[in-house]
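Let's take a walk through this model, starting with how far to trust it and then heading inside.

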Amino acid sequence: MTMVRSLWSRGLIAGALALAVSACAGGALNTPINGPIASMADQGGWPLGPDQFGSTVVGVAFSGGGMRASAFSYGVLNELDRYQLATDQGPQRMTDMIDLVSGVSGGSVTAAYFGLKGRDGLPTFRSRFLERNAEQGFDTDVSLANVLRIVSDGGVNDRSKFPNWLDENLFDGATYADLFARKRPLVWIAASDIYSRVPFVFEPVTFNVLCSDLGRVRLSEAVAASAAVPGLFIPMNVENFGSSCGGHVPQWYQRGVEDRTAPATLRASAAAMVRYRNNPERFRYVKLLDGGLTDNFGIHSLAIARTNRDRPYMPMTAEQAVRVKNFLFLVVDAGRGPAGNWPEHLASPSGMELAGIVTDVAIDSGVYKGYDYFNATMTGWQNDLKRWRCSLSSDEIVKLRGTPDGWKCGDVTFTVGRVSSEDAGPELRKRMDEVPTRFQLDPQTLDTVIGAGEIALRNNATFRKFIRGGSRRMLTASLTETEDSP
């Protein structure tokens, strides 16, 4: 969930009353957050070599929901850090095994910082961000002056505010080049392309199409774009530099536009890529707002990366695809349940309430459909991978693995689970539903949300089954201690 209902229901309604007011002079800093790249060959990225993934692959996606989402996902990471698994390289903590991490809105803060610092950054994330009032980085006042800014500039806060606060307090000026240098995990931060109405993912493929240098984009700018609540923030601009670097739309995206039977999610995203690449004069700027508007679970990135690819194992390499045995992907959902007492009365909700209700309905209905699509995509990927592995000749197996010893072509399982406050039990679920979608939490509430994330993962049926499954052996007592948990 975004912060629309919590902070700006009143402001957006009041904005309608201010349309008759003379537009005040703009002056917002709205320059693009990116720059050009001379050649697509210069684009940085994550090195997806044969050793990038082991036999067990772990991915996590962190949903939106302001500081509640940041803290809940942090709690899940804390709990995940208590477990060690036997791996090809010996015992490893599960936080060190995370290969893929994505995030939107509040979840993007946790995703970006974990991608930058890894498990070593968990203690500092709490003190540097979760215990701070991040709303010091932007104006949240509902005032006539701010309503006029919405009318004239499209929002109250420009890119001079929240990104700078994030840099000063959390990211220290880090860019995507710093993420690439760490090599793993792969990090996907998503905002919403409000013209094309699809997720905009900060990744090399996207920036190749725009002939832009992702390596120079500050993490703070990507996170701020992902969390840019409509009205509260002015849409952030990413500039499209056309074909100046030789960039092109990948073939699998082009097929997504041409194939009328392709999934609607792929077709819409592919159409956006083609639109910006083929007509850069008209579509010079991609305008971004909160990623939760188009994908509040943060799962679009991997779903699109897999859909309609050229080979059955992509986006893995062939070498990775013969090594993997288990793929766990956890969708960490910090959303709240329905709220309000208006169902008790005959009267309809007020206009101010409706502004938030309509937004929530649109987001919630979309994310659960998206989750179902993601589940189907992962199941299809698993099946495609098994068929491909079992079609390999003995020579191909030796070439990719080095040896045929121990080869079982069908020995690969993809597991997808959703971790939410429902897993923490009814009492914590009720308390989580009462936590507002803001970017500040009082100490007691912060402890509650972090604890809910820890307990939710510990109790999650999908996670517990994954831990116990197959030949994996737990190397800590964490699960044993809680076997009787609900």
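**Where to be careful**

Over residues 470-474, pLDDT (the predictor's confidence in each residue, from 0 to 100) stays under 50, and the model has eleven contacts beyond four places in sequence for them, a contact being heavy atoms within 4.5 Å. Residues 477-486 also stay under 50, with 14 such contacts. Where pLDDT is low, the predicted coordinates should not be read in detail. As for the chain average, that is a pLDDT of 84, and 82% of the residues score at least 70.

Some housekeeping: this is a predicted model, so local features need pLDDT of at least 70 and side-chain atom pairs count only at 80 or more, while totals for chains, interfaces and linings use all residues. Numbering runs from 1 along each chain as its sequence is written, and side-chain values use heavy atoms, leaving out hydrogens and water.

Now for the inside. A nonpolar core here is a set of buried Ala, Val, Leu, Ile, Met, Phe, Trp, Tyr and Cys residues joined through side-chain atoms within 4.5 Å, with buried meaning under 20% relative accessible area (1.4 Å probe, protein chains only). The largest one has 123 residues, and Met94, Phe129, Tyr176, Phe202 and Phe327 touch the most other members. Helix 2 (residues 66-80; helices are DSSP runs of H or I, at least four residues, numbered from the N terminus) gives the most to this core, eight residues. Look at Tyr176: beyond four places in sequence, its contacts include Trp46, Ile189, Phe202 and Leu214. Another core, of ten residues, lies apart from the largest, with Val209 and Trp252 among them.

Key. Buried < 20%, exposed > 50% of the residue type's maximum accessible area, 1.4 Å probe, protein only. Helix = DSSP H or I, 4+ residues; strand = E, 2+ residues; numbered from the N terminus.
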